[in-house]
Amino acid sequence: ADAWACANCSAESACEGLGANPEALPGFYLYEVGTESLSIFQCKGDEKRCPGGGAGACPAGRLGVACAICMDGYAETDDGTCRPCGDNDMILFALALVGCAIALAMVYVIAARQDRSTQSHATV
């Protein structure tokens, strides 16, 4: 194939003309396959994670085809980016664990009381 041959620009991308690299529109991801081929992917589910732009363009903290995953040690945010996990995330997790432990203890105490009250009313 001729490297200088013209190709149609897809509806999911913007092409400025000869010599300019195509760019994905918002909601799409441009993936470079080798050195002379491009593929375009639609970002299903959350289009905010694909801002459009040149090959491999992802919001802060994101990577992979269609910017599908957060980098290690990062958490997804509502605006499509990923932010570093911090101490606040661990505090919330610890509080959730403590809350679950308290709820389980309460269920156990209530069940034990219920069991004792049933036994005291049993006749032989």
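**Close-up 1. A disulfide joins C70 to C82, with an S to S distance of 1.9 Å.** Welcome to this predicted model, and to a link between two cysteines. This pair ties together distant parts of the chain: C70 sits in strand 6 (residues 69–70) and C82 in strand 8 (residues 82–84), 12 residues apart. The torsion about the S-S bond of C70 and C82 is about -65°, so this disulfide is left-handed. If the term is new to you, a disulfide is a covalent bond between the sulfur atoms of two cysteines. Is C82 buried or exposed? With a relative accessible area of 5%, C82 is buried, because buried means under 20%.

**Close-up 2. C85 takes part in no disulfide.** For C85, the nearest cysteine sulfur belongs to C70 and lies 8.2 Å away. A pair of cysteine sulfur atoms has to be within 2.5 Å to count as a disulfide, so at 8.2 Å C85 and C70 are not joined. C85 is partly exposed, at 43% relative accessibility. Another cysteine to look for is C100, which counts as partly exposed at 48% relative accessibility.

**Close-up 3. C43 and C50 are joined by a disulfide.** Here the S to S distance is 1.5 Å. Which hand does this link have? The torsion about its S-S bond is about -65°, so the disulfide of C43 and C50 is left-handed. Both of these cysteines are buried. In total, the structure holds three disulfides.

**Close-up 4. C58 and C67 form a disulfide, with their sulfur atoms 2.1 Å apart.** The link of C58 and C67 is left-handed, with -95° about the S-S bond. Take a moment to look at each partner in turn. C58 is partly exposed, with a relative accessible area of 24%, whereas C67 is buried, with a relative accessible area of 0%. The cut-off for buried is under 20% relative accessible area, which is why C67 at 0% counts as buried and C58 at 24% does not.

**Close-up 5. Strand 3 and strand 4 form a hairpin.** Three residues lie between the two strands, and G34 in the turn has a positive phi of about 70°. How many bridges pair strand 3 with strand 4? There are six, and the strands pair in the antiparallel sense. To find your way along the hairpin, start at Y31, which belongs to strand 3 (residues 28–33). Y31 stands opposite S39 in strand 4.

**Close-up 6. One aromatic pair turns up in a search of the whole structure.** The partners are Y31 and F41, and their arrangement is edge-to-face: 6.1 Å centre to centre, with 75° between the planes. Planes over 60 degrees apart count as edge-to-face, so the 75° of Y31 and F41 fits that label. The pair bridges distant parts of the chain, with Y31 in strand 3 and F41 in strand 4 (residues 37–42), 10 residues apart. Both rings belong to partly exposed residues: Y31 has a relative accessible area of 34%, and F41 is at 33% relative accessibility.

**Close-up 7. Y31, V33, F41 and V65 form a nonpolar patch on the surface.** Together, these four residues have about 300 Å² of accessible area. You have already met two of them, as Y31 and F41 also make up the edge-to-face aromatic pair. What does it take to join such a patch? Over 30% relative accessible area is needed, so Y31, at 34%, passes that cut-off.

Notes
Residues are numbered from 1 along each chain as its sequence is written. This is a predicted model: local features need pLDDT of at least 70, side-chain atom pairs count only at pLDDT 80 or more; totals for chains, interfaces and linings use all residues. Side-chain values use heavy atoms; hydrogens and water are left out. Patches are made of residues with over 30% relative accessible area and no salt bridge: like charges are joined within 9 Å, nonpolar side chains (Val, Leu, Ile, Met, Phe, Trp, Tyr) within 5 Å. Accessible areas come from the Shrake-Rupley method with a 1.4 Å probe; for residues, only the protein chains shown count as cover. A salt bridge is a side-chain nitrogen of Lys or Arg within 4 Å of a carboxyl oxygen of Asp or Glu. Helices (H or I, at least four residues) and strands (E, at least two) are DSSP runs, numbered from the N terminus. Buried means under 20% relative accessible area, exposed over 50%, partly exposed in between (1.4 Å probe, protein chains only). Rings of Phe, Tyr and Trp (its six-membered ring) pair if their centres lie within 6.5 Å; planes under 30 degrees apart count as stacked, over 60 as edge-to-face and the rest as tilted. Two strands pair if DSSP finds at least two bridges between them.
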